[in-house]
Amino acid sequence: MHIIKILLPIVLLASTPVIAQSHTAGITIENGVSHALAVYRHNHIHQTRYDLSFQIPGLKNSPIQAEASISFLLTSKEQSLQLDFKQDSTHVQSITVNGRSIPIQFQKEHLIIDQAHLKTGANHINIRFIAGDESLHRNDDYCYALLVPDRARTVFPCFDQPDLKAVFTLSLEVPLDWKVLANAAVLDSIINQQNIVYHFKPSDQLPTYLFSFTAGKYRLANQQLADRNMGFLYRETDTAKIRLSVDSIFQAHRNAISFLQNWTGIPFPFQKIGFVAIPSFQFGGMEHPGVVEYNASSLFLDEGATRENIIGRTSLVSHETAHMWFGDMVTMEWFNDVWMKEVFANFMADKITEQLMGKETFNLNFLVDHYPAAYGIDRTAGANPIRQQLDNLQDAGSLYGNIIYHKAPIMMRQLESLMGKQSFQQGVREYLARYKYGNATWNDLIAILSKHSTAKLYDWNQVWVNQSGRPVFDYSIRYDQGLISQFTVSQHAEHSASGIWPQRFSIALVYPDHQTLLEVPMNESLISLPAAIGLPKPSFILFNADGAGYGLFPAAHALDTAVFHLKDPLQRASVYINAYENMLSGPAVKADSLLLFYTAGLTRETNEINLKLLTRYIPGIYWTFLSPAKRQSISSQLEQSIWTAMEKQPAANFKKLLFKNFESIYTSVSAAQKIYLIWKDQKAPSGVKLTEDDYTSLAQTIALKTDKPNHVLEVQLDRISNKDRKSRLQFLMPALSPDAATRNLFFASLKERTNRQKEAWVTAGLSFINHPLRQQSFMPHLRETLDLLQEVQLTGDVFFPQSWLGAIFGNYRDKASWQVVQDFLNQHPNYNPKLKAKILQATDNLYRAQKMY
Ligand SMILES: [Zn+2]
């Protein structure tokens, strides 16, 4: 719920917030699924079962004939029944209720069943209909259902809310040569001329958002986990990728399942283990039991894979597997707590990757992966708390974002350290056991955890979970005859009026030949550090030396090259991140000086994760925070520094990171010639491994940076054999055209919903037409991208609004585009606040660029 502002003791917090209503009060019929409707149905509908059948033709535009039999117990028939179905009446052919045919009554995305046809006790509704297929993601030879958070109601009539779990029995009729995967195992199959009908066993208890299936021309791989079968469908055709990946993908699942069984004390909680790799899938993965959907390119790696790619894959598989316990077995009551399943999935995935990579690398990876991404939202005027209010499920998509995925894991780690690992684990085990196969809220969890802890969890919860933003740290130090006589550290909220973020971190006093570490138990607004008294004056002070602290730290020696001599890579990363945050909050750290500092680090950095961080910051600063004139004045020097670093660094992975860095920043004619030859001859620089995907990316970059007509993309298209990857490049070609009119037509085509179906392709295309080199010709259309946002949210998947905005506004810096954003917000004073927040988040760099010059 949105920020519970009244101070309630923890016991009260633990009770479920239920919207008060009398039994006779009517539930208004409105679009979406209101919280009031969900609460009413939860109280009166029980033991729901869906028997669903879909006849899916091979041709993706032919309608899907479907039938739903819905059985449930009703405890009150004072109200007519609202079945969610977000289609129009042309989709419904007949409705039978308890054996009698009734007239079709459609209202505001609901099928209304008059109470006269219902009875208390067992009811049975049978509906013949044409399935809505927007969320079935139909392609020429495969389709997949992705129904989170409230898209089940677009496909079939249902009670689309997470706390009405049901058993689903599915039958699918598909072309004879298609393979299928669903939540439950196949019971039997019957050939029907050119088609085959698969009947599946009854599923486990599932909320509607976890119901799913996929069908299509796939390859199938099977492996065992003890006595259980694991099935894997994929469309990859590259034999090297298949050979190098399939076993590792199964192994990653085995490792994750085994870890989670041990940690939770609960065996794998579902009847079926199955997963599918989907080309250009819009998320990293989605955790439907029995049919986990993954983005194929995150699973299938080749010789060009970096260590980061491999860790990323393990982490993704572990995340989706952790959901089987967190989210699938114990499910949130309402989507306002969607962050809980995400934070646990990330938290457990982190524990699994920690085992694999060792504590040191893990801590570094945690810092680099989560902190910059969390700050990226939390420092903005659109920052949201971890827990937000949600009045209608149709807005659930806007809850997702970096706060859930990146700040929440930081918060959870602080909570674990506050409680102690063992007490925390015991508390979570108790929570899982108590709510097994049911639903629970965050407050239910906090109530259980508080039994296992003496810490003031309520105060902690208030600022970390219910409040947005981060603290700013300051310090004061005094010396007496070269020795520290006083050292205090303080914190205050960056934007909000107040707030103390209880947390622990360390400070290092760095001397020429050693360091002294000081623990900082930062539980007040001001603390002094008695352990520092009497110590000699250090060369410099390194704040957040262990990387655990969350907030903006003093930038005292941010750009000192002595930083590169710090032995611990975690400390160097902490400096890199803090320097960037200080550049954004200005004025101590200037963008051009920071760029030089990071560039100097490219030859000296010896850790791959850190090098990756530097190569991420460099293009960001270069394209967004430098004026075109400044950019031009340093471009050849920057190109040279990166190329030299690539030649100097010995490891292949390092070289590749630097080559990619060069690819993103180069602008000179000589660099363009060099890159063109590498692509044309497919001859990578010495020591760099480039794969087909890398050459496709090079072709795109060449097209982006050339204003003369050329055939680079056509040639690249001929080089690609995989059908899915070919279609992607074909889609992107107009967005990369040297002709501005063609690019603008590409954008105009996105106004049609059907052209926005492949969201990952759309965002790639948008980032090309909004690249700083191409912005000028797109400027007249910038406003239209905001005008479309609401529709993008209503019709797209959950991450689409932010990826849409990010791809468009990520690299703008000028006044005129900032004015476009301001005008839009001023003209829409009552704009959906969650979407407005997304705009403020996505345009934060643009806003800060205004202040810098
Ligand atoms: Zn997740």
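In which sense, parallel or antiparallel, do strand 17 and strand 19 pair, and over how many bridges? In this predicted model, strand 17 (residues 273-278) pairs with strand 19 in the parallel sense, over four bridges. Within that pairing, Val276 stands opposite Glu293 of strand 19.

The two strands belong to an open sheet of five strands, ordered 15-16-17-19-18, whose pairing is mixed. Strand 15 (219-225) and strand 18 (285-286) each have a single partner strand, so one side of each is left without a neighbour in the sheet. At one edge, strand 15 is joined to strand 16 (residues 228-234) by seven bridges in the antiparallel sense, and Arg219 stands opposite Tyr234 in strand 16. At the other edge, strand 18 and strand 19 pair in the antiparallel sense over two bridges, with Met286 opposite Glu293. Strands 18 and 19 also form a hairpin with five residues between them, and Gly290 in the turn has a positive phi of about 85°.

Strand 19 (residues 292-295) deserves a closer look. In a regular strand the side chains alternate between the two faces of the sheet. Both faces of strand 19 are covered: Val292 and Tyr294 on one side, and Glu293 and Asn295 on the other, are all buried.

Antiparallel pairing recurs elsewhere in the chain. Strand 13 (residues 195-200) is joined to strand 10 (residues 166-175) by five antiparallel bridges, and Leu172 stands opposite Tyr198 in strand 13. Strand 12 (residues 186-192) runs antiparallel to strand 13, with six bridges between them; here Asp188 has His199 of strand 13 as its bridge partner. Strand 12 and strand 13 form a hairpin with two residues between them, where Gln193 in the turn has a positive phi of about 55°.

Another open sheet has three strands in the order 22-23-26, with antiparallel pairing. Its edge strands, strand 22 (471-480) and strand 26 (526-528), each pair on one side only. From one strand to the next, the twist averages 15°. Strand 23 (residues 483-493) is joined to strand 26 by three antiparallel bridges, and Val489 stands opposite Ile527 in strand 26.

The metal site comes next. The zinc ion has as its protein donors His319 (NE2), His323 (NE2) and Glu342 (OE), which lie 2.0 to 2.1 Å from it. Along the chain these donors follow the spacing H-x3-H-x18-E. The pair of His323 and Glu342 links distant parts of the chain, 19 residues apart: His323 is in the loop between helix 6 (307-322) and strand 20 (331-332), while Glu342 is in helix 7 (residues 338-357). Both His323 and Glu342 are buried.

The remaining topic is the empty space in the model. Rolling a probe the size of a water molecule over the atoms shows where empty space is left. The largest pocket holds about 710 Å³ of space. Its lining comprises 27 residues, of which Thr667, Ala672, Lys705, Thr706 and Asp707 lie nearest the centre. The elements that give two or more residues to this lining are helix 15 (608-624), helix 16 (628-648), helix 18 (669-681), helix 19 (692-704) and helix 20 (712-719). Helix 18 provides the largest share, six residues. By character, the lining of the largest pocket divides into 13 nonpolar, eight polar and six charged residues.

Conventions:
Residues are numbered from 1 along each chain as its sequence is written. This is a predicted model: local features need pLDDT of at least 70, side-chain atom pairs count only at pLDDT 80 or more; totals for chains, interfaces and linings use all residues. Side-chain values use heavy atoms; hydrogens and water are left out. On a 1 Å grid over the protein atoms alone, a cavity is a set of points where a 1.4 Å probe fits but cannot get out, and a pocket is an open set with protein on both sides within 12 Å along at least five of seven lines; lining residues have an atom within 4 Å of a point. Grid points are joined across faces, edges and corners, and a volume is the space filled by probe spheres set on the points. Ala, Val, Leu, Ile, Met, Phe, Trp, Tyr, Cys and Pro count as nonpolar, Asp, Glu, Lys and Arg as charged, and the others, Gly among them, as polar. Donors are N, O and S atoms within 2.8 Å of the metal (3.2 Å for Na, K and Ca); water is not among the atoms, so sites may look incomplete. Buried means under 20% relative accessible area, exposed over 50%, partly exposed in between (1.4 Å probe, protein chains only). Two strands pair if DSSP finds at least two bridges between them. Axes are lines fitted to C-alpha atoms, for helices over the stretch in contact, and angles run from 0 to 180 degrees between N-to-C directions.
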